[in-house]
Amino acid sequence: MKNEYEVYKKIFDKYNGVIKTSDFKAEGYHHSILKKLVDEGVIAKIKRGYYEWQEDFISDATIIATLFPEAVVCLNSALFIYGYIDRTPNKWHLAVNRGSARLKFDIDYPKVKTYYINKKYMSIGNIKYTYAEQQINIFDRDRTICDIIRYSNKMDKELINQAIRNYLVDSEKNIENLMIYAKKLRSESKVKTMIGVWL
């Protein structure tokens, strides 16, 4: 049985510890094996059709990237990843296409907070970034700051101030990009007003 587990583990490893039922079947195995492995505590069901290997630590970032490959990490989660805030968000903040099915994001762990936005805004400042050894989609530093200013009336003021202060001393910031994004997102005046206080 140990050798059998090793075979299954190799398959899970190929998919970074998180696998879809369809991928498992594509590897030549029947889906009933997944139920057996769940019953034995070897794997855990994340949501319908998705499973993770239990022995290894699977980062939240890997689960998010596997379950929601089209989602973009944004707002508080992006601020935390960039080191602009020190308060760990209790949910993953994800920007998704407005047409996305809402039930898809209803998972027990990790918790996610979704923002349904116009498709034309999804590509602005959308980059690939490695976090917790996992490549994720995330809005870059400048887009993230632009967004927290746009949504400032819905966010904690102390958190916004901390994030802006840290952004302005970040050598990787690009104020020119920030203003380009602000114009595209129709928030130029608000961004100029809030950033201007700190410059």
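The following paragraphs walk through a predicted model of a protein chain, from its overall build to a few individual residues.

The protein chain has 199 residues, and 47% of them count as buried. Its secondary structure comes to ten helices and eight strands. Measuring along the principal axes, the C-alpha trace spans about 65 × 30 × 25 Å. Among the contacts in the protein chain with a separation of 6 or more, 55% are between residues 24 or more positions apart. The accessible surface comes to about 11,100 Å², and carbon and sulfur atoms account for 48% of that area. As for charge, the chain carries 33 positive and 25 negative charges, and the mean positions of these two sets are 9 Å apart.

The interior comes next. In soluble globular proteins, nonpolar side chains tend to be buried together. In this model the largest nonpolar core holds 54 residues, and the members that touch the most others are F68, I145 and I148. Helix 8, which covers residues 157-168, supplies the largest share of this core, with six residues. I145 shows how the chain is brought together here: leaving aside neighbours within four places in sequence, I145 is in contact with L79, Y84, A163, Y167, L178 and I195. Separate from this core is a second one of twelve residues, including Y8, I19, F24 and I43.

Helix 3 gives an example of a helix with two sides. This helix runs over residues 32-39, and its buried residues are I33, L34 and L37. These three lie on the same side of helix 3, because they cover an arc of only 100 degrees around the axis. K35 and D39 are on the other side of the helix, where they are exposed. Just after helix 3 comes G41, whose phi is positive, at about 80 degrees.

The loop before helix 3 can be read through H30, which is found between helix 2 (21-26) and helix 3. Is H30 buried, exposed or partly exposed? H30 has a relative accessible area of 47%, so it counts as partly exposed. Q54 is 24 residues away from H30 along the chain, and the C-alpha atoms of the two are separated by 20 Å.

A residue in a helix can be set beside this one. N76 is found in helix 5, which is made up of residues 75-81. N76 counts as buried because its relative accessibility is 17%, and the cut-off for buried is under 20%. Apart from residues up to four places away in sequence, N76 touches I85, P89, H93, M155 and L159.

The last stop is R98, in the loop between strand 5 (92-97) and strand 6 (112-117). R98 has a relative accessibility of 52% and therefore counts as exposed, the cut-off for exposed being over 50%. R98 nonetheless has partners beyond its sequence neighbours: not counting residues up to four places away, R98 touches Y116, I117 and N118. Along the chain R98 and Y115 are 17 residues apart, and their C-alpha atoms are separated by 8.1 Å.

Definitions and conventions. Residues numbered from 1 in each chain as written. Predicted model: local features only at pLDDT ≥ 70, side-chain atom pairs only at ≥ 80, totals over all residues. Heavy atoms only, no water. Helix = DSSP H or I, 4+ residues; strand = E, 2+ residues; numbered from the N terminus. Buried < 20%, exposed > 50% of the residue type's maximum accessible area, 1.4 Å probe, protein only. Contact = heavy atoms within 4.5 Å. Arc of directions from axis to C-beta. Core = buried A, V, L, I, M, F, W, Y, C linked by side-chain atoms within 4.5 Å. Areas by Shrake-Rupley, 256 points an atom, 1.4 Å probe, with all protein chains shown as cover. Lys, Arg positive; Asp, Glu negative; His and termini not counted. Charge placed at Lys NZ, Arg CZ, Asp CG, Glu CD.
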